[in-house]
Amino acid sequence: MDTNSTFAAYGVHIPVNGSAWQETDRVEQELAALTDCPDVSYMAGGDDTQEQLFLVTYRQYVPPGTHVSADATPEHRSVWDAQIARAITALSFSDLPGLHDPSWLWITEVS
């Protein structure tokens, strides 16, 4: 039986070639060294055959049948946008085709 989880998040999808899981060790280590991006972390979502990589600053689990409300001011988002931009550059993701500006995301996991 599949297990589904949904997260509300603020961040950006990183369109990596191949599996997102192949990037997670490197991303985790390099993010830990980025002291000027304290709010940025990563998530992997999708299913076992099509994992997706995300850089996020805010994330909250959304239990089935419920909703969440994110309390993020424009000032929060401005700081988050700057940190995500620095992390994207530091992680060498800047030139990936299909990279978009940060936004509110619904990230699902199926396992």
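Helices and strands here are DSSP runs, numbered from the N terminus. The model is predicted, and residue numbers count from 1 along the chain.

**Stop 1: strand 1 and strand 4**

Select residues 4-14, which make up strand 1. This strand is mostly covered, with eight of its eleven residues buried. Now add residues 103-110, which form strand 4. The two strands run antiparallel, and eight bridges join them. To see one such pairing, pick serine 5 in strand 1 and look across to glutamate 109, its bridge partner in strand 4.

**Stop 2: helix 1**

Select residues 21-33 for helix 1. Its buried residues are Thr24, Val27 and Leu31. Look along the helix for a kink of about 25 degrees, centred on valine 27. Valine 27 is thus both one of the buried residues and the centre of the kink.

Next, show the side chains of Glu23, Arg26 and Glu30, which are linked in a network of salt bridges. Start with arginine 26 and glutamate 23: their side chains meet in a salt bridge, N to O at 2.9 Å. These two residues are three apart in helix 1, about one turn of the helix. Then go to glutamate 30, whose salt bridge with arginine 26 has its closest N and O atoms 3.4 Å apart. Here the spacing is four residues, again about one turn of helix 1. An α-helix has 3.6 residues a turn, so residues three or four places apart point the same way.

Are these three residues buried, exposed or in between? Arginine 26 counts as partly exposed because its relative accessibility is 28%. Glutamate 23 is partly exposed too, at 22%, and glutamate 30 is partly exposed at 30%. The cut-off for buried is under 20% relative accessible area.

**Stop 3: from helix 2 to the loop after helix 1**

The structure holds three salt bridges. For another one, select arginine 86 and aspartate 36, where the closest N and O atoms are 3.1 Å apart. This pair links distant parts of the chain: arginine 86 is in helix 2, while aspartate 36 is in the loop between helix 1 and strand 2 (41-47), 50 residues apart. Arginine 86 counts as partly exposed, with 35% relative accessibility. Aspartate 36 is partly exposed as well, with a relative accessible area of 37%.

Stay in helix 2 and select glutamine 83. Its relative accessible area is 5%, so glutamine 83 is buried. What does glutamine 83 touch, leaving out residues up to four places away in sequence? The contacts are Asp36, Cys37, Pro38, Asp39 and Val40. Zoom in on aspartate 39: the side chain of glutamine 83 reaches the backbone nitrogen of aspartate 39 at 2.8 Å. Aspartate 36 therefore appears twice at this stop, as a contact of glutamine 83 and as the salt-bridge partner of arginine 86, and it is partly exposed because its relative accessible area is 37%.

**Stop 4: serine 92**

Finish with serine 92, in the loop between helix 2 (74-90) and strand 4. What is the phi of serine 92? It is positive, about 65 degrees, although serine 92 is not a glycine. Most residues other than glycine have a negative phi. Serine 92 counts as exposed, because its relative accessibility is 62% and the cut-off for exposed is over 50%.

Methods: Predicted model: local features only at pLDDT ≥ 70, side-chain atom pairs only at ≥ 80, totals over all residues. Heavy atoms only, no water. Buried < 20%, exposed > 50% of the residue type's maximum accessible area, 1.4 Å probe, protein only. Pairing = 2+ DSSP bridges. Salt bridge = Lys/Arg side-chain N within 4 Å of Asp/Glu carboxyl O. Bend = angle between axes of the 7 residues up to and from the residue. Polar contact = N/O pair within 3.5 Å; in protein donor to acceptor, adjacent residues only side chain to side chain. Contact = heavy atoms within 4.5 Å.
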